[in-house]
Amino acid sequence: MDHVTLSTLERSIRTAQLHLAELLATSVNGRATTPDPRARYLSFQFHLTRDVPTYFMAIAGHRDLAWRRKLRDFLYRFANDEELHHQAVAQDLLALGLTPPPISADVELWHGYFRSVVGERPFVKLGAAAILQTISDGPARRWVRQILQGDSPSESAARPAMLYRSDGPPHGMPILTALRDAALEQRHFHDLVEGAESGTALYLRMVEWALQPDLPSRLRDRTDASPPILMN
């Protein structure tokens with residue numbers, strides 16, 4: 001088994017940022033975004049961040065945190081800080097005249113998978129959380145801003161929650177700092193990297209859902225599309 005360190009997780013984060021930047025650049029291709037992709041992007045963020053404290057509380061309560069009290073205390077504080085983020089995203093949708101639509105299949109996959117592992121392998125979920133908090137930084141930052149802001153300053157002012165994440169310092173740095181100070185074992189680092197890779201794959205699927213709704217894999221989430229034409 002390869003030796004894994006926090007630097008391995010940091011490389012996974014940088015790779016995730018590059019993948020997101022490439023996907024966003026390809027989808028946007030320098031054009032101003034229309035309200036529909038913005039609304040879809042915000043809607044998956046709403047469902048993704050809703051009830052997020054339950055994950056951090058579950059991680060903090062795991063037996064592997066018993067002698068890592070500093071990390072446990074950080075997770076409780078972080079859970080409280082993140083608790084109302086989805087409500088701010090809902091306000092961003094309200095500024096577009098929308099309420100959050102039903103949850104998409106890809107967000108259901110995210111929650112279904114990580115709820116199934118967080119009890120016994122909490123560091124898998126923590127690796128995904130590190131991705132969730134950092135993937136929009138680095139090379140992806142300018143493209144995230146373009147999707148959320150559009151061309152109008154008045155529109156950008158209506159999106160404080162998501163633009164905060166693209167304007168401020170890297171939001172996931174506290175997680176990495178807390179992990180660095182936690183005296184983790186190799187099994188923890190392996191789970192962190194596994195969670196980061198799984199989180200990246202699932203997150204990119206959500207972005208595809210937001211920006212490329214005509215993909216055949218998005219058929220389940222189309223509510224007004226005509227059935228596909230099958231070729232003989």
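Contact here means heavy atoms within 4.5 Å. The model is predicted.

**Helix 3 against helix 4**

In helix 3, the residues Pro-53, Phe-56, Met-57, Ile-59 and Ala-60 meet a set from helix 4: Arg-72, Leu-75, Tyr-76, Phe-78, Ala-79 and Asn-80. By class, this contact has 9 nonpolar, 1 polar and 1 charged residues. Helix 4 covers residues 69-82, and its axis lies 9 Å from that of helix 3. The angle between the two is about 170°. Angles over 145 degrees count as roughly antiparallel, so helix 3 and helix 4 are roughly antiparallel to each other.

**Helix 1 against helix 12**

Helix 12 spans residues 186-211 and packs with helix 1 at an angle of about 10°. The axes are 9 Å apart. Helix 1 is therefore roughly parallel to helix 12. Helix 1 brings Leu-6, Thr-8, Leu-9, Ser-12, Ala-16, His-19, Leu-20, Leu-23, Leu-24 and Ser-27 to the contact. Helix 12 answers with Phe-189, Leu-192, Val-193, Ala-196, Thr-200, Tyr-203, Leu-204, Val-207, Glu-208 and Leu-211. By class, the contact holds 14 nonpolar, 5 polar and 1 charged residues.

**Two serines**

Ser-12 sits in helix 1, which runs over residues 6-28. Is Ser-12 buried or exposed? Its relative accessibility is 14%, so Ser-12 counts as buried. Leaving aside neighbours within four places in sequence, Ser-12 is in contact with Ile-131, Val-193 and Ala-196. Val-193 and Ala-196 also appear on the helix 12 side of the packing described above.

Ser-136 lies in a loop, the one between helix 7 and helix 8 (141-149). Ser-136 counts as buried because its relative accessibility is 16%, and buried means under 20%. Which residues does Ser-136 touch, not counting those up to four places away in sequence? They are Leu-20, Tyr-41, Arg-141, Val-144 and Tyr-203. Leu-20 and Tyr-203 are also part of the contact between helix 1 and helix 12.

**Positive phi in two loops**

Most residues other than glycine have a negative phi. Asp-51 has a positive phi although it is not a glycine. Ala-183 also has a positive value, in a residue other than glycine. The loop of Asp-51 joins helix 2 (35-49) and helix 3 (53-60). The loop of Ala-183 falls between helix 11 (173-180) and helix 12.

| Residue | Phi | Relative accessible area | Class |
|---|---|---|---|
| Asp-51 | about 65° | 42% | partly exposed |
| Ala-183 | near 50° | 62% | exposed |

Ala-183 counts as exposed because its relative accessible area is 62%, and the cut-off for exposed is over 50%. Asp-51, at 42%, is therefore partly exposed.

**Enclosed space**

How many cavities of 30 Å³ or more are there? The count comes to 2. The second largest cavity holds about 40 Å³ of space. Its lining consists of Thr-49, Val-52, Phe-56, Glu-82, Lys-125, Ala-129, Leu-132 and Gln-133. Helix 7 (residues 122-134) gives the largest share of this lining, 4 residues. By class, the lining divides into 4 nonpolar, 2 polar and 2 charged residues. One of the lining residues, Phe-56, is also among the helix 3 residues that meet helix 4.

Conventions
Residues are numbered from 1 along each chain as its sequence is written. This is a predicted model: local features need pLDDT of at least 70, side-chain atom pairs count only at pLDDT 80 or more; totals for chains, interfaces and linings use all residues. Side-chain values use heavy atoms; hydrogens and water are left out. Buried means under 20% relative accessible area, exposed over 50%, partly exposed in between (1.4 Å probe, protein chains only). On a 1 Å grid over the protein atoms alone, a cavity is a set of points where a 1.4 Å probe fits but cannot get out, and a pocket is an open set with protein on both sides within 12 Å along at least five of seven lines; lining residues have an atom within 4 Å of a point. Grid points are joined across faces, edges and corners, and a volume is the space filled by probe spheres set on the points. Ala, Val, Leu, Ile, Met, Phe, Trp, Tyr, Cys and Pro count as nonpolar, Asp, Glu, Lys and Arg as charged, and the others, Gly among them, as polar. Axes are lines fitted to C-alpha atoms, for helices over the stretch in contact, and angles run from 0 to 180 degrees between N-to-C directions. Angles under 35 degrees count as roughly parallel, over 145 as roughly antiparallel, 65 to 115 as roughly perpendicular and the rest as oblique.
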